[in-house]
Amino acid sequence: MPEPIIRTEHLSRFFGTVKAVDDVSLEVPAGIVFGFLGPNGAGKTTTIHLLLGLLEPTQGQARVLSFDTRTQADEIRTRIGALLEFAGLYERMTAEDNLDFYGRIYHMTAAERRARIKELLTHLDLWDRRKDQVAKWSRGMKQKLAVARALLHHPPLIFLDEPTAGFDPVAAATLRNDLASLVAREGVTVFLTTHNLTEAEKLCAQVGVIRQGKLLTVGNPDELRLRTGGPQAEIVGHGFNDQILALLRERPEVANAELQNNHLTIELRGESKVGPLVSLIVRSGGEVEEVRKGKASLEDVFLTLMEEENT
Amino acid sequence: MSDIWTMVWKESKDLLFQGGWRSLIRPLFVIGIMGIYLPLQFGSQWVALTPLGMLLLLWIPFFVVISFIGDAIAGERERHTLETLLASRMPDRAILLGKIVATVLYAWGMGILSLLLGLVLVDLLRTQGNWMFYPLDLFVDAIVLILLASVLATSAGVLISLRVATVRQAQQILSIGTIVFVFGVTFALRALPANVLSSLNYSQFLLSAMAVLAVLDAILLGISLMSFHRSRLILS
């Protein structure tokens, strides 16, 4: 079995009494986009700092690209790309100079830098604006440039810390698409932190959910959906009452049913059919206007995990 | 070494040539005062590099560094570029030394430029006699002293810049620090027994000043290098 690109064992980092990262054990296989989900202040950024060797763990250990974060952090930073919480661009410099600087940092030759900068900026539709001072660019353009910077030296692994945070939906979708196409083209592993569940759902092959420093779960989004609940049916109509609700709950294929404002949410066991349940509702006097069947979203999974943790 | 030059390249792009016309105000002001106004006031005496002229020249690095070094470190933190730089492979020492070298070269260059501009100006305005040049030994002393003062101001600036959150704070503290330093030196000189000063000729005095500055440079540079650590900077 190939060595995971990131492996942490009981990784912890405390700031005084605050447990920013608490006993996180995690394996990220190579070649995927791994989403690290959690609300603000959950410990996502601290985890990235630990994985980059910018902070020393209080307990436990981590290996990135088979290097120990405590003793071989320089080796790790030589081989990864990062877009951290802020784009970190030099706004008084041109876009081209920003990339050129990082190309020099990674000891790329002048010819390699020129070719790579042209390739990335062209792919991201930024080539014509390469001589502009970055300060004159929109936030979306700056963030795309920062993604290009992270990929400049062909790293096998990149860290992206909330890349679309604070973006409007259109800008976020555009950046997400650019990111997805670049990542697929470059074949890199991505460690992506986000609290945007749509983003994680669209980009990530595997996700880990962290809260208050603790890793709550890890898996691919489909597994997590199944773990949290099976397929769901939503039925909208009139005349739904407690009697219908009770009848539904008695059915073997129904794991749970909830009624709210003429809106029935039925959690199904396995791949059960909805038709017999609709018939039951109609026979019992309910009027059905609309039936939707689907899986629990990652958002449902996330909220369930948060609720479980609270209780 | 190439990492240090990469940082110097970046600093020159980021701080020297990209700030628009506003970034030229301070250097032009320094050159205006030190390279034009004062030589015009002193006249031929300027070329003699008297103790007073020498003291005035030593102000140049401090004046230049105040705006520059605060921006180089506290500015990176303020503009959120430092974290990304620290996440790269660039070694701590190369980041720090690159910033120091860029700042020292800038301040030193401004000092030499002012010296040469003053000389040309004084010579052009003289109506009689041959073309004058600074006494060579004093000229070399002046260049070395400006270099040592540039390193001192820069190292002090680094230490201050590492401990404050904003460029403005760094500049304020460095300005106050410069004034305190000048008063400190003045008091120290006055406190020296009269026979110590009178026993030294001008060249010996300048050599002693160089030695003191070199020791201070070494101490401050050493502390700066010890203070500049990724984990500490990330936490701050």
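Here is a chat between a student and a tutor about a predicted model with chains A and B.

Student: Let's start with chain A. How far apart do the C-alpha centres of domain 1 and domain 2 lie?

Tutor: The domain assignment splits chain A into domain 1, residues 6-225, and domain 2, residues 230-295. Take the C-alpha centre of each, and the distance between domain 1 of chain A and domain 2 of chain A comes out at 43 Å.

Student: Now the start of chain A. Which residue in E2(A) is the bridge partner of Ile6(A)?

Tutor: Strand E1 (residues 6-15) of chain A pairs with strand E4 (residues 59-64) of chain A in the antiparallel sense, over five bridges. There, Ile6(A) is matched with Val64(A). E1(A) also pairs with strand E2 (residues 18-28) of chain A, antiparallel again and over seven bridges. In E2(A), the partner of Ile6(A) is Val28(A).

Student: And the turn between E1(A) and E2(A): what is the phi of Gly16(A)?

Tutor: E1(A) and E2(A) make a hairpin with two residues between them. Gly16(A) sits in that turn, and its phi is positive, at about 65°.

Student: Which strands are at the edges of the six-strand open sheet of chain A?

Tutor: Read off the order first: E6-E7-E8-E3-E9-E10 of chain A, with mixed pairing. From one strand to the next, the twist averages 15°. An edge strand pairs on one side only, and that description fits strand E6 (80-83) and strand E10 (214-219) of chain A.

Student: Which residue of E8(A) stands opposite Leu37(A)?

Tutor: Strand E3 (residues 33-37) of chain A and strand E8 (residues 189-194) of chain A are joined by five bridges in the parallel sense. Opposite Leu37(A), in E8(A), you find Thr194(A).

Student: At what angle does helix H5 of chain A run to E6(A)?

Tutor: This helix covers residues 139-151 of chain A. H5 of chain A lies across E6 and strand E7 (157-161) of chain A, and its angle to E6(A) is about 165°.

Student: On to the four-strand sheet of chain A. Why is one side of E12 and of E14 left without a neighbour?

Tutor: The strand order in this open sheet is E12-E13-E11-E14 of chain A, and the pairing is antiparallel. Strand E12 (254-260) and strand E14 (287-294) of chain A stand at the edges, so one side of each has no neighbour in the sheet, and the reason is a single partner strand.

Student: Which residue in E13(A) is opposite Val236(A)?

Tutor: Strand E11 (residues 232-238) of chain A and strand E13 (residues 263-268) of chain A run antiparallel, with five bridges joining them. Across from Val236(A), in E13(A), is His263(A).

Student: What angle does the direction of H9 of chain A make with that of E12(A)? And which strands does H10 of chain A lie across?

Tutor: Helix H9 (residues 242-250) of chain A packs on this sheet, touching E12 and E13 of chain A, and its direction makes about 165° with that of E12(A). Helix H10 (residues 275-283) of chain A runs at about 160° to E14(A), and the strands it lies across are E11, E13 and E14 of chain A.

Student: Chain B next. Are H3(B) and H7(B) roughly parallel or roughly antiparallel?

Tutor: Helix H3 (residues 51-78) of chain B packs against helix H7 (residues 167-191) of chain B at about 150°, with their axes 8 Å apart. The crossing of H3(B) and H7(B) is right-handed. Angles over 145 degrees count as roughly antiparallel, and therefore H3(B) and H7(B) are roughly antiparallel.

Student: How many charged residues are in the contact of H5(B) with H6(B)?

Tutor: Helix H5 (residues 92-125) of chain B and helix H6 (residues 136-163) of chain B pack at about 140°, axes 9 Å apart, and are therefore oblique to each other. Residues in the contact include Trp108(B) of H5(B) and Ile146(B) of H6(B). Sorted by class, this contact of H5(B) with H6(B) has 14 nonpolar and four polar residues, and the charged count is no residues.

Student: Last one: which helix gives the largest share of the side of chain A that touches chain B?

Tutor: Here 24 residues of chain A are in contact with 20 residues of chain B. Helix H2 (73-79) and helix H3 (95-105) of chain A each supply at least two residues of that side of chain A. By class, the side has 13 nonpolar, four polar and seven charged residues. The largest share, five residues, comes from H3(A).

Notes: Residues numbered from 1 in each chain as written. Chains lettered and ligands numbered in written order. Predicted model: local features only at pLDDT ≥ 70, side-chain atom pairs only at ≥ 80, totals over all residues. Domains from an automatic or database assignment. Axes fitted to C-alpha atoms, helices over the stretch in contact; angles between N-to-C directions. Parallel < 35°, antiparallel > 145°, perpendicular 65-115°, else oblique. Left-handed = near helix turned anticlockwise from the far one by under 90°. Pairing = 2+ DSSP bridges. Contact = placed C-beta atoms within 7 Å. Nonpolar A, V, L, I, M, F, W, Y, C, P; charged D, E, K, R; others polar.
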